[in-house]
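Colleague: Could you walk me through this structure? I have a few questions ready.

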Number of protein chains: 2
Amino acid sequence: MTAPRALIVGAGLIGTSIALALCQDGWDVQVSDHDPAAVALAADLGAGHPWDESSGTVDHVVLAVPPSAVAASLLEAQRREVGRTFSDTSSVKAKVLAEAEASGCDLTTWMPAHPVAGRERGGAARAQADLFRDRPWALCPTEATSSEARRWSERVALACGAQVVELDALRHDRVMATVSHLPQLLASALAAVTTRLEERDLALAGTGLRDMTRLAAAEPALWADIVAGNAAEVGAALELLHAELGRVAPTGTAEGTEVAGLVARGNAGRARLPDKARAARDLSWVSVVVPDRPGELARLLLAVGDAGVNVEDLRLEHSPQHAWGLVELAVEPGSEEALCAAADRGGWRAHPAV
Amino acid sequence: MTAPRALIVGAGLIGTSIALALCQDGWDVQVSDHDPAAVALAADLGAGHPWDESSGTVDHVVLAVPPSAVAASLLEAQRREVGRTFSDTSSVKAKVLAEAEASGCDLTTWMPAHPVAGRERGGAARAQADLFRDRPWALCPTEATSSEARRWSERVALACGAQVVELDALRHDRVMATVSHLPQLLASALAAVTTRLEERDLALAGTGLRDMTRLAAAEPALWADIVAGNAAEVGAALELLHAELGRVAPTGTAEGTEVAGLVARGNAGRARLPDKARAARDLSWVSVVVPDRPGELARLLLAVGDAGVNVEDLRLEHSPQHAWGLVELAVEPGSEEALCAAADRGGWRAHPAV
């Protein structure tokens, strides 16, 4: 049986990660990019080999290019008969579909797709074969989409370890506007607002602000493309956000009960969000103070493991100026005492979050 | 030498954490609360003993009560001569100062203070002696504040391991509006907006939304009190946020370059924020896939430690449905290869984030 053959167009974070995963799954993978250096890096990382046009038509082409480039890339790839089936990775779908149709692409061989994963910073160098494992991979077929295009795009998603979610392009864009594009704009806007503060004032910032601005390290050009490609839905999501915030602003007079209502609605929304599957299992957290030296965390985890306690999740908080850190360990409810006892025996200070 | 004597009024997360820290530092600590059950829990946690009014005047009283309750609590404590000096923990300062002055409190014996730390959920049960370690502890003295009040409030902050930051009340409130109150409202509003989505749509949500809504699990009544106590500054911060977002909304037509500008300004703001001191040292991250079974993470860390590599930070990403997890380890730049080699020798798959 010959290996399935794929061409990945675009050796950025997404394309290279897909290429890595397909290579690990035994596919014959080629990579192309307008930047030869990106292709060389991807090849060095083990993400396949540079595209050789003379090698013939491949089974599936993944167009891992920015939203505004999908239609043109698809048209060119189809005209050159580079592959038999195609999918893309764009995080906006309806506009890309319209552009592909308008520019004369063959809609039967193309599955509009969106693997929902990423990292704050892009580029082939940040690629990981595991990037999509257990993450959603949206497929947005149209009536024209052939069963062959569907089958190959599903194979790619499954080879990457992703969970296929099928929904139409409009619904996809509406959901992404709320769960991805709006959070990005808020993180960017919040980080931008903090620039009004002086450097010394930022010493008062805590973990909340850090979490809320993590996404703000994103690529301006890519996000301009994404938001422009989903402008109506992003606008609608922003309107909803303004409506929520409008009750406490902009007059500057915040009425207590309205803020309480907003925070309570936020409680409800937060409670509905899928968390890590493990976290949803109502884990118990125990905090342990450990000296900050090589092997100390390992010794703690060994002691905990020896006590028969499985650590389900772990957070590490370094104290910047002291020679120790705070480790938060999540265990099955009922295992806290065994964990604390094991930590105590080893000379660590354990604090169950009662 | 007799131990310093403190009374903590309010056995919530903040008060109980301060009480725990002072106890560990050898203070004689009493705790009071309008809820006797909270006092009993705090005492059981080792946070001192229930307040005995007949025990006489203490050196310092910490009023760990909500912002709107500070002035009344201070007045009562001063009239009953419960302590010689006082501080509070309110996250808004100017309004509390005005209320204390208007209600006839003695401003000389009181240091307006704000230990800047917390957890998503409150209550004595979540208290930790380490809660304030290396976190900022704002002191906002007025011209009236006595040197004795300053000295005792500093002693409390230092006993908790905190870093004293002195600034006036107005500046404090302006900074907190941006670094704390605005992020809270945004997290709540974003989480509230997600309620328009159907349950199945939330499967498309990623880590970005999770980070951006973590604060949304906050207490409505407490935050209503905080925002009401800092209404003008929160309003001003919201105006700035609206101005940032206003360039991409509400028309629904997002102009690419404006979004790019917003994201770029966010890049700049994010880059200025203090991160964990270690993270700011430009650590190198390596991802390692480990089987999800007891002791496996410990074995990996031991192998890494044996190779002489110190793990500076660690993030754990469980895959919900597979028997393994992804561990991201941060090491000093230059140590990635040694880490990867150690992992490879142990049979793990390591991915340096090149």
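**Two copies, one sheet, one pocket**

Modeller: Happy to! Chain B falls on chain A after a rotation of 180° with 0.0 Å of shift along its axis, and the RMSD is 0.0 Å. The two copies are thus related as by a two-fold rotation axis. Please keep in mind that this is a predicted model.

Colleague: What percentage of the contact residues of chain B recur in chain A?

Modeller: Both copies use the same surface. The share of chain B contact residues that recur in chain A is 100%.

Colleague: Which ipTM does the predictor give the complex?

Modeller: The predictor reports two scores for the complex. The pTM is 0.76, and the ipTM is 0.75.

Colleague: Where in chain A is the pLDDT below 50?

Modeller: Chain A averages a pLDDT of 87, with 90% of the residues scoring at least 70. One stretch falls below 50, though it has nine contacts in the model beyond near neighbours in sequence. Where pLDDT is low, the predicted coordinates should not be read in detail. The stretch you are after is residues 276-280 of chain A.

Colleague: Which are the edge strands of the open sheet in chain B?

Modeller: The sheet has six strands with parallel pairing, in the order β3-β2-β1-β4-β5-β6. An edge strand pairs on one side only, and in chain B that applies to β3 (49-50) and β6 (110-111).

Colleague: Which residue in β5(B) is the bridge partner of Val62(B)?

Modeller: Strand β4 (residues 58-63) of chain B runs parallel to strand β5 (residues 83-88) of chain B, and five bridges join them. In β5(B), Val62(B) has as its bridge partner Ser87(B).

Colleague: Which element supplies the largest share of the lining of the second largest pocket?

Modeller: This pocket holds about 170 Å³ of space, and among its twelve lining residues His351(A), Pro352(A), Leu20(B), Leu45(B) and Ala127(B) lie nearest its centre. The lining divides into nine nonpolar, three polar and no charged residues. β13 (349-352) of chain A and α1 (13-24) of chain B each supply at least two lining residues. The largest share, three residues, comes from β13(A).

Methods: Residues numbered from 1 in each chain as written. Chains lettered and ligands numbered in written order. Predicted model: local features only at pLDDT ≥ 70, side-chain atom pairs only at ≥ 80, totals over all residues. Heavy atoms only, no water. 1 Å grid on protein atoms, 1.4 Å probe; cavity = no way out; pocket = protein on both sides within 12 Å on 5 of 7 lines; lining within 4 Å. Points joined across faces, edges and corners; volume = space filled by probe spheres on them. Helix = DSSP H or I, 4+ residues; strand = E, 2+ residues; numbered from the N terminus. Nonpolar A, V, L, I, M, F, W, Y, C, P; charged D, E, K, R; others polar. Least-squares fit on C-alpha atoms with pLDDT ≥ 70 in both. Contact = heavy atoms within 4.5 Å. pLDDT = per-residue confidence, 0-100. Pairing = 2+ DSSP bridges.
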